[in-house]
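Here's a short tour for anyone meeting this structure for the first time. Take a look, and then we'll walk through it.

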Amino acid sequence: MSSDSSSPPPDRRGLIAFAWVWVGVPLAYGVYELVQKATQLFTG
């Protein structure tokens, strides 16, 4: 087993970053909306 197999090839880093943004932005927005609605629910 070589040590190179643990890291992705350099040409895939952009794709991996894009995938994290693609999933992370809607997730962050959903958490933000959840916190807002929970705050309204518990504070009246």
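## Starting at W22

Let's begin with W22, which counts as exposed because its relative accessibility is 64%. Here, buried means under 20% relative accessible area, exposed over 50%, and partly exposed in between, with a 1.4 Å probe and protein chains only. W22 has its place in helix α1.

A word on where this comes from: the model is predicted, so local features need pLDDT of at least 70 and side-chain atom pairs count only at pLDDT 80 or more, while totals for chains, interfaces and linings use all residues. Residues are numbered from 1 along each chain as its sequence is written, and side-chain values use heavy atoms, with hydrogens and water left out.

## Partners of W22

How many aromatic pairs are there? The count comes to one. F18 and W22 form that pair, and it is tilted, at 5.7 Å centre to centre with 40 degrees between the planes. The rule pairs rings of Phe, Tyr and Trp (its six-membered ring) if their centres lie within 6.5 Å; planes under 30 degrees apart are stacked, over 60 edge-to-face, and the rest tilted.

F18 and W22 are four residues apart in α1, so about one helical turn separates them. In general, an α-helix has 3.6 residues a turn, so residues three or four places apart point the same way.

W22 also joins L15, F18 and V23 in a nonpolar surface patch of about 490 Å². Such a patch takes residues with over 30% relative accessible area and no salt bridge, joining nonpolar side chains (Val, Leu, Ile, Met, Phe, Trp, Tyr) within 5 Å and like charges within 9 Å. A salt bridge, for its part, is a side-chain nitrogen of Lys or Arg within 4 Å of a carboxyl oxygen of Asp or Glu.

## The helix as a whole

The protein has one helix and zero strands; these are DSSP runs, H or I of at least four residues for helices and E of at least two for strands, numbered from the N terminus. Helix α1 covers residues 13-43, and at 1.5 Å a residue its 31 residues should span 45 Å; the end C-alpha atoms are 44 Å apart, which agrees. That expected span is 1.5 Å times one less than the number of residues.

Is α1 buried or exposed to view? It's hardly covered, with zero buried residues. Across the protein's 44 residues, buried ones make up 0%.

## The far end

T43 lies in α1 too, and counts as exposed because its relative accessibility is 63%. A polar atom of its side chain sits 2.5 Å from the backbone oxygen of T39. Just after α1, G44 takes a positive phi of about 90 degrees.

Technical notes. Accessible areas come from the Shrake-Rupley method with a 1.4 Å probe; for residues, only the protein chains shown count as cover. A polar contact is a pair of N or O atoms within 3.5 Å; within protein, one must be able to donate a hydrogen and the other to accept it, and residues adjacent in sequence count only if both atoms are side-chain atoms.
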